[in-house]
Amino acid sequence: MLSKSQARAFFLGGTFLFSAIFVFLTVDTVRQNDTRTNVQNMTEDVLKGKEIWEKNNCMGCHTLLGEGAYYAPDLTKVVERRGATWIDVFLDDPQAMFPGERKMVKYNFTKEEKVQVIAFLDWVGKINANGWPPKPNIPIDSIATPQIPQVKSNAVVLSQPEKFSQLCIACHAVGGKGGNVGPALDHVGSKFDSDYLNRWLSDPQAIKPGTNMPKLPLTDPERKDIVTYLSALK
């Protein structure tokens, strides 16, 4: 049993020790803050993107670094998972990318605002957060890092074009890999010729009014590469 003087010494000693540890950890955290957050990459676009994030109360549905609501997906690593190109198209019309599923508001961002939002999310995703968010044992999003299947056509091995793996694979599957919003494309080359596929990718609404397929921001060479790839899927 401790005497009063021993109890007092124990209390004061413990308080001092743990206070010192707390101060040390706080100082150490602040010291590492700039390095962990890559403050040198905090550009004007990143700051503007943060303003847009806060102005539109995005945290009311999404989480960043574990902070926010859980109604919608965590966006800490969204640029790494989805890619900037896909996010750019998604922000134009969330419902078009996931018809009947997504409840996200269409904010009608300008091109500049989309660039700023993506810059902010990209910066957040590169913060050293000691492994947060944890990666699931079973990937919940199989299209995050799609395994690019190869297609043999006329003894030529074709790989998915970059834009196809960035955009199309989010909604369509090939070889069992990809999204299920739209139909699988394994045999699309047997159903449609290259001319039809080119016109479809140029303006889906002109071919089939009311279709859920969005008009993708493709250059002529990019569209040609995708048409060549799709034509080989037979």
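In the protein chain, 11 helices and 6 strands are assigned, and the model from which they derive is a predicted one. Of the 234 residues in the chain, 34% are buried, while the accessible surface amounts to about 15000 Å², with 58% of that area belonging to carbon and sulfur atoms. Among the contacts with a separation of 6 or more, 56% are accounted for by residues 24 or more positions apart.

Helix H2, which spans residues 44–55, includes Trp53. With a relative accessible area of 6%, Trp53 falls under the 20% limit and is therefore classed as buried. When neighbours within four places in sequence are set aside, the residues in contact with Trp53 are Cys58, Met59, His62, Leu64, Leu75, Phe120 and Leu121. A further spatial relation links Trp53 to Gln116, since the two residues, although 63 positions apart in sequence, have C-alpha atoms 9.7 Å apart in space.

Helix H2 also contributes to a charged feature of the surface, where Glu44, Asp45, Glu51 and Glu112 gather in a patch of negative charge. The largest share of this negative patch, 3 residues, is supplied by H2. Asp45, one of the patch residues, lies in helix H2 and has a relative accessible area of 32%, a value between the 20% and 50% limits, so that Asp45 is classed as partly exposed. Helix H2 thus carries both the buried Trp53 and the partly exposed Asp45.

Methods. Residues numbered from 1 in each chain as written. Predicted model: local features only at pLDDT ≥ 70, side-chain atom pairs only at ≥ 80, totals over all residues. Heavy atoms only, no water. Helix = DSSP H or I, 4+ residues; strand = E, 2+ residues; numbered from the N terminus. Buried < 20%, exposed > 50% of the residue type's maximum accessible area, 1.4 Å probe, protein only. Contact = heavy atoms within 4.5 Å. Areas by Shrake-Rupley, 256 points an atom, 1.4 Å probe, with all protein chains shown as cover. Patch = residues over 30% accessible without salt bridge, like charges linked within 9 Å, V, L, I, M, F, W, Y side chains within 5 Å. Salt bridge = Lys/Arg side-chain N within 4 Å of Asp/Glu carboxyl O. Lys, Arg positive; Asp, Glu negative; His and termini not counted. Charge placed at Lys NZ, Arg CZ, Asp CG, Glu CD.
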